[in-house]
Amino acid sequence: MPDKTRLQLYIPKPQARPGEPVNFDGLVVPEAGSVRRPDPLGCEADMRDMPFSLVRVLDEGGHAVGPWAPDVSPDLLRKGLRAMLQTRLFDDKLFRLQRQGKTSFYMKSTGEEAIGAAQSLMLGQGDMCFPTYRVLSWLMARDYPLINLVNQLFSNEKDPLKGRQLPVLYSARDYGFYSLSGNLGSRFGHAVGWAMASAYRNDDKIALGYVGEGTTAEGDFHEALTFAGVYHAPAILCVTNNQWAISTFAGIANPRDTTFAAKAIGYGIPGLRVDGNDFLAVCAATQWAAERAHANLGSTLIEFFTYRAAGHSTSDDPTKYRPVDEPVHWPLGDPIVRLKTHLITIGEWDEARHDALTAELTEEINAAVREGEAVGTLGKSKPPVAEMFEGVFKEPDWRVIEQRKELGI
Ligand SMILES: Cc1ncc(C[n+]2csc(CCOP(=O)(O)OP(=O)(O)O)c2C)c(N)n1
């Protein structure tokens with residue numbers, strides 16, 4: 001028998017662990033404005049280079065440059081900035097309140113605020129977003145009442161979901177925000193199914209689905225893409241690649257030499273790879289994919305390249321698995337600072353207005369928290385037990401009837 005090389009299993013490792021210098025070597029960041037913008041109504045086969053580039057609009061000086069620079073008004077940009085800042089301030093406040101025992105659990109979206117905010121403002125009122133827990137800025141951009149968030153987070157008597165969901169797993173149909181699921185990936189297929197139903201009924205609404213990059217390793221992601229490709233579902237399917245799935249780095253879900261956007265090629269749909277910290281690039285890519293979906297050309301997969309600057313949740317300590325200063329070295333910067341700089345550069349914003357907005361939003365958040373505290377924080381007040389069985393099934397399931405009898409309510 002001829003000599004054979006012994007096989008070795010390859011185990012991917014991140015470029016830096018705690019105590020090691022931050023290492024983003026190999027990360028290629030193209031100049032803003034340098035990536036081509038294919039015709040959104042063009043043929044998918046002619047776009048297969050797109051998943052290997054990175055669409056960027058805002059340059060270092062805060063100018064919007066290149067073919068992807070979207071036609072959006074300063075008012076819309078200010079609305080986006082407001083939603084992002086509100087999300088950041090709300091996250092910081094609620095994180096502290098969790099440490100004080102006022103809510104059981106919290107998840108921040110620090111560094112990723114541009115994605116939900118821009119997409120919320122680009123899509124229509126009847127369109128439906130199938131969110132993850134990292135797109136609170138979607139709701140902020142649509143002025144969802146802060147008190148509803150606070151009451152749910154405090155699990156109190158006025159929780160709009162009556163204790164049926166965990167904190168942060170919001171549900172707001174009228175705001176185009178489908179009920180969040182803790183079962184990662186399960187909503188991606190729902191987004192595609194919802195989009196297919198819209199097309200089947202000859203409606204004009206489109207769906208938007210999110211998963212984190214870690215979740216692309218779940219079967220649900222691939223099943224959803226199969227249906228999306230086969231049936232030309234009018235959906236925008238987004239992977240928010242924030243580099244980390246709790247303590248697992250992105251290289252565990254995808255080989256290092258390819259991209260998450262490139263998965264689109266195998267399913268026959270266009271894949272775009274977009275700077276997720278660039279509010280204008282997110283707007284532009286969303287408009288592009290929406291135009292394509294509305295023209296009956298089906299789904300687009302968009303990888304938003306970003307960075308989870310905070311811990312995964314209040315139960316996580318990222319200093320255990322990545323260098324403590326990694327977030328500050330992230331080459332694509334802070335999305336709020338970048339949009340603010342752009343608005344200042346085009347003469348539509350200034351530091352004084354920014355400070356005033358920060359003060360106004362802080363007071364709004366504090367007022368909502370005070371109102372929620374007056375109802376009750378975790379354990380001090382709870383949703384009405386008698387209503388526990390209401391509003392879940394259209395026709396009561398036999399188990400619900402039995403359980404209700406047992407409780408005598
Ligand atoms: C089906 C399923 N598997 C595992 C988990 C546990 N879990 C919760 S969040 C998470 C990490 C998800 O990472 P990613 O998809 O990258 O999203 P991110 O949190 O980074 O936004 C895991 C494994 C879960 N909730 N559901």
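**Loops, sheet and helix packing**

At a relative accessibility of 47%, H232 counts as partly exposed, a class that lies between buried (under 20% relative accessible area) and exposed (over 50%), computed with a 1.4 Å probe on protein chains only. The model is a predicted one, in which local features need pLDDT of at least 70 and side-chain atom pairs count only at pLDDT 80 or more, while totals for chains, interfaces and linings use all residues. Residues are numbered from 1 along each chain as its sequence is written, and side-chain values use heavy atoms, with hydrogens and water left out.

H232 lies in the loop between α6 (219–231) and β3 (235–241); helices here are DSSP runs of H or I with at least four residues, strands are runs of E with at least two, and both are numbered from the N terminus. Although H232 is not a glycine, its phi is positive, at about 50°. Most residues other than glycine have a negative phi. A positive phi of about 50° is also found at I246, likewise not a glycine, in the loop between β4 (244–245) and β5 (248–249). I246 counts as partly exposed, with a relative accessibility of 41%.

Strand β3, which follows the loop of H232, belongs to an open sheet of five strands in the order β1-β2-β3-β7-β6, with parallel pairing. Two strands pair if DSSP finds at least two bridges between them. The edge strands, each pairing on one side only, are β1 (128–130) and β6. On average, neighbouring strands of this sheet are turned by 20° against each other, direction ignored. Strand β2 (residues 207–212) runs parallel to β3 and is joined to β3 by six bridges; A207 has A235 in β3 as its bridge partner.

Two helices lie across strands of this sheet. Helix α2 (residues 113–122) lies across β2, β3 and β7 (300–305) and runs at about 175° to β2. Helix α6 lies across β2, β3 and β7 as well, running at about 150° to β3. Such angles run from 0 to 180 degrees between N-to-C directions, and axes are lines fitted to C-alpha atoms, for helices over the stretch in contact.

The loop between β6 (271–275) and α8 (279–294) holds D278. D278 is buried, with a relative accessible area of 0%. Apart from neighbours within four places in sequence, D278 is in contact (heavy atoms within 4.5 Å) with R56, V57, L58 and R338.

R338 falls within helix α10 (residues 335–345), which packs with helix α1 (residues 74–99) at an angle of about 150°, the axes being 10 Å apart. The two helices are therefore roughly antiparallel, the class for angles over 145 degrees, whereas those under 35 degrees count as roughly parallel. The crossing of α1 and α10 is left-handed: in such a crossing the near helix is turned anticlockwise from the far one by less than a right angle, and in a right-handed one clockwise. Among the residues of α1 that meet α10 are L77, L81, M84 and L85, and those of α10 include I336, L339 and L343. Nine residues of this contact are nonpolar, two polar and three charged. Here Ala, Val, Leu, Ile, Met, Phe, Trp, Tyr, Cys and Pro count as nonpolar, Asp, Glu, Lys and Arg as charged, and the others, Gly among them, as polar.

Helix α1 also packs with helix α4 (residues 146–153), at an angle of about 25° and with axes 13 Å apart. α1 and α4 are therefore roughly parallel, and their crossing is right-handed. Q86, F90 and L94 of α1 make this contact with L146, L149, V150 and L153 of α4. Six of the residues in the contact of α1 with α4 are nonpolar, one is polar and none is charged.

Methods
Angles under 35 degrees count as roughly parallel, over 145 as roughly antiparallel, 65 to 115 as roughly perpendicular and the rest as oblique.
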